[in-house]
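Q: I have a model open and would like to learn how to read some of its features. Where should we start?

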Amino acid sequence: MTKVMRKEGNLELVTIYEISKVLGSSLNLQKTLREVLNLLASHLRMDRCMVALLQEDNILHVIGASGMTETEVKRGFFRIGEGVMGKVVKSGMTIVVPDISKEPNFLHKTGPRTIQEGEVISFIGVPIKVGRESIGVLGVDRHLNGEPQNFQSDSRFLSMVANLIGQTVRLHQSISKERQQLLMEKSRLQKELHGKYSLDNVIGVSKLMQEVFSEVHQAAPGKSTILLRGESGTGKEVIARSIHYMSPRKDRPFIKVNCAALSETLLESELFGHEKGSFTGATQDRKGRFEMANGGTLFLDEIGDISPSFQTKLLRVLQEREFERVGGNKPIQVDIRLITATNKNLEQAVSKGEFRADLYYRINVVSIFLPPLRERREDIPLLVSSFLEKFNVENQKNLSFSTDAMKIMLECYWPGNVRELENCVERTLTMTRGSVIREHDLPCQQDKCFSVTLRSYVQPAKPVIPIIPRHDTDMPMNDDHSEAEVPSKEFGTERDRLIWAMEQCGWVQAKAARLLKLTSRQMGYALQKHKIEIKRF
Ligand SMILES: Nc1ncnc2c1ncn2[C@@H]1O[C@H](COP(=O)(O)OP(=O)(O)OP(=O)(O)O)[C@@H](O)[C@H]1O
Ligand SMILES: [Mg+2]
């Protein structure tokens, strides 16, 4: 008997040693527990073993098992206090069931055991603890064929194993908590890298754009009228859409009207709708954009371009929130959020009497200014790679920008802002033959781009000329203007620079083009674009 006990004691010691080795061998808790239970089964004839741990739902779930099918494992969940397993975790004490067939608390939840003739199955449930807290149960079946059983020694041994398992579980828990914290930190840092504020499909990590995003976040949820300002191509429309999709009106329509594109009569009918027969061609009643936007957002683009009489009509609608269709007399009320946009200097227009001051105040409730791209160059690489990705997908290509080409993009003046950069990337990607876009692939390097040539304005060789020189017909004309100082961006708008050059050269287009280092065609295009009339003497 003593010999047997010593033999069993040795075996237990060896098993504990093996178990401790297994427990420290992997970070996969399920796999580790399965191996530990297999050791118990093979070394100590503990035929059916399981480890159940309390999960987030506060229910014990079998995490590792030996001698059980997958279905049995799946069935293995116990509420605290439910059955023998639940009672062990609740009390934090070991429970021994000498004969499971006679124990009413033994619920056979995982499935019935096959009991051979003359065989008795006993069960030992030991709590797995972290400190004083029970976090799970180690449960073991013992098949007995009439031989005496030392439950006390089994319980003591299993408690040691449960203790080791408890320490391992705690280690795993703290590792996974730390990992989770690291992942959270990683995503926080990633967010910070991409800017604190972000809007879907709008790129901007620069400080200036982050300020814009913060204003958008602030203003979007409310109902106040918003005025978006900024040069052409700075993203006024993308921001208007973002505001709509971030507002509670996101599931209602977003309706856009370009006020500059329509004559006054058309604009009136487009906005307010018309009744059948109200004018030639009005063959049926038609809803206007105000009505279509009901419940949603109405975006009036180029608001600075509407005529004085239309300003009056619009003001009335905005004040009274009520209008009639053209040719109709039934007042219509709508619930819209108004966003307007312009690249005009409205204050100047108001002071010149071109824009009604009362309408200006009505639309200028919240004003968001979109900075020109040249003032937020940090955004250029991200914009380039985002457009590159988009056009690569569209054209089934896989092009990238070389460092030199990107340097040129970073230095460009971009008078047409993001729209121009987008076009430039598309055009370059379409025309490039190799897999890398190099400096010479860019349109500006092939003298095909007006704007990039204007790059020279950004870094003037000599000090800036502060005023536009007055044209003087008596001034002797100097044909060689190559040394003339080209004004920097501080000098004024692109239009101002063109006028300056024309003035310098006595309104001789070819000379002014040379001065600006443009081809005659580019100069012609630029003058047309800015509607600059050529003075003839
Ligand atoms: N921050 C941005 N991120 C991604 N794309 C942008 C961004 N800003 C502008 N774009 C893109 O540039 C183009 C021009 O933008 P948008 O039409 O919004 O400019 P805009 O200020 O309304 O110009 P305009 O005054 O000429 O109407 C669009 O294709 C738009 O998707
Ligand atoms: Mg626009």
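The turns below take up a helix pair and two aspartates.

A: Bear in mind that this is a predicted model. We can begin with how two helices pack.

Q: At what angle do helix 13 and helix 14 pack, and how far apart are their axes?
A: Helix 13 covers residues 380–395 and helix 14 residues 403–411; the angle between them is about 120°, and the axes are 10 Å apart. Angles from 65 to 115 degrees count as roughly perpendicular and those over 145 as roughly antiparallel, so helix 13 is oblique to helix 14.

Q: Which residues make the contact?
A: Helix 13 contributes Ile-380, Pro-381 and Val-384, while helix 14 contributes Met-406, Met-409 and Leu-410. By class, the contact has six nonpolar residues, with no polar and no charged ones.

Q: What is the handedness of the crossing of helix 13 and helix 14?
A: This crossing is right-handed.

Q: Is Asp-99 buried or exposed?
A: The cut-off for buried is under 20% relative accessible area. Asp-99 has 17%, so Asp-99 is buried. Asp-99 lies in the loop between strand 4 (95–97) and strand 5 (120–130).

Q: What does Asp-99 touch beyond its neighbours within four places in sequence?
A: Asp-99 is in contact with Val-120 and Ile-121. Separately, its side chain forms a polar contact of 2.7 Å with the side chain of Ser-101.

Q: Is Asp-251 buried or exposed?
A: Exposed means over 50%; Asp-251 has a relative accessible area of 68%, so Asp-251 is exposed. Asp-251 sits in the loop between helix 7 (236–245) and strand 8 (254–258).

Q: How far apart are Asp-251 and Gly-295 in sequence and in space?
A: They are separated by 44 residues in sequence and by 9.1 Å in space, C-alpha to C-alpha.

Key. Residues are numbered from 1 along each chain as its sequence is written. Chains are lettered from A and ligands numbered from 1 in the order in which they are written. This is a predicted model: local features need pLDDT of at least 70, side-chain atom pairs count only at pLDDT 80 or more; totals for chains, interfaces and linings use all residues. Side-chain values use heavy atoms; hydrogens and water are left out. Axes are lines fitted to C-alpha atoms, for helices over the stretch in contact, and angles run from 0 to 180 degrees between N-to-C directions. Helices (H or I, at least four residues) and strands (E, at least two) are DSSP runs, numbered from the N terminus. Angles under 35 degrees count as roughly parallel, over 145 as roughly antiparallel, 65 to 115 as roughly perpendicular and the rest as oblique. A crossing is left-handed if the near helix is turned anticlockwise from the far one by less than a right angle, and right-handed if clockwise. Contact means heavy atoms within 4.5 Å. Ala, Val, Leu, Ile, Met, Phe, Trp, Tyr, Cys and Pro count as nonpolar, Asp, Glu, Lys and Arg as charged, and the others, Gly among them, as polar. Buried means under 20% relative accessible area, exposed over 50%, partly exposed in between (1.4 Å probe, protein chains only). A polar contact is a pair of N or O atoms within 3.5 Å; within protein, one must be able to donate a hydrogen and the other to accept it, and residues adjacent in sequence count only if both atoms are side-chain atoms.
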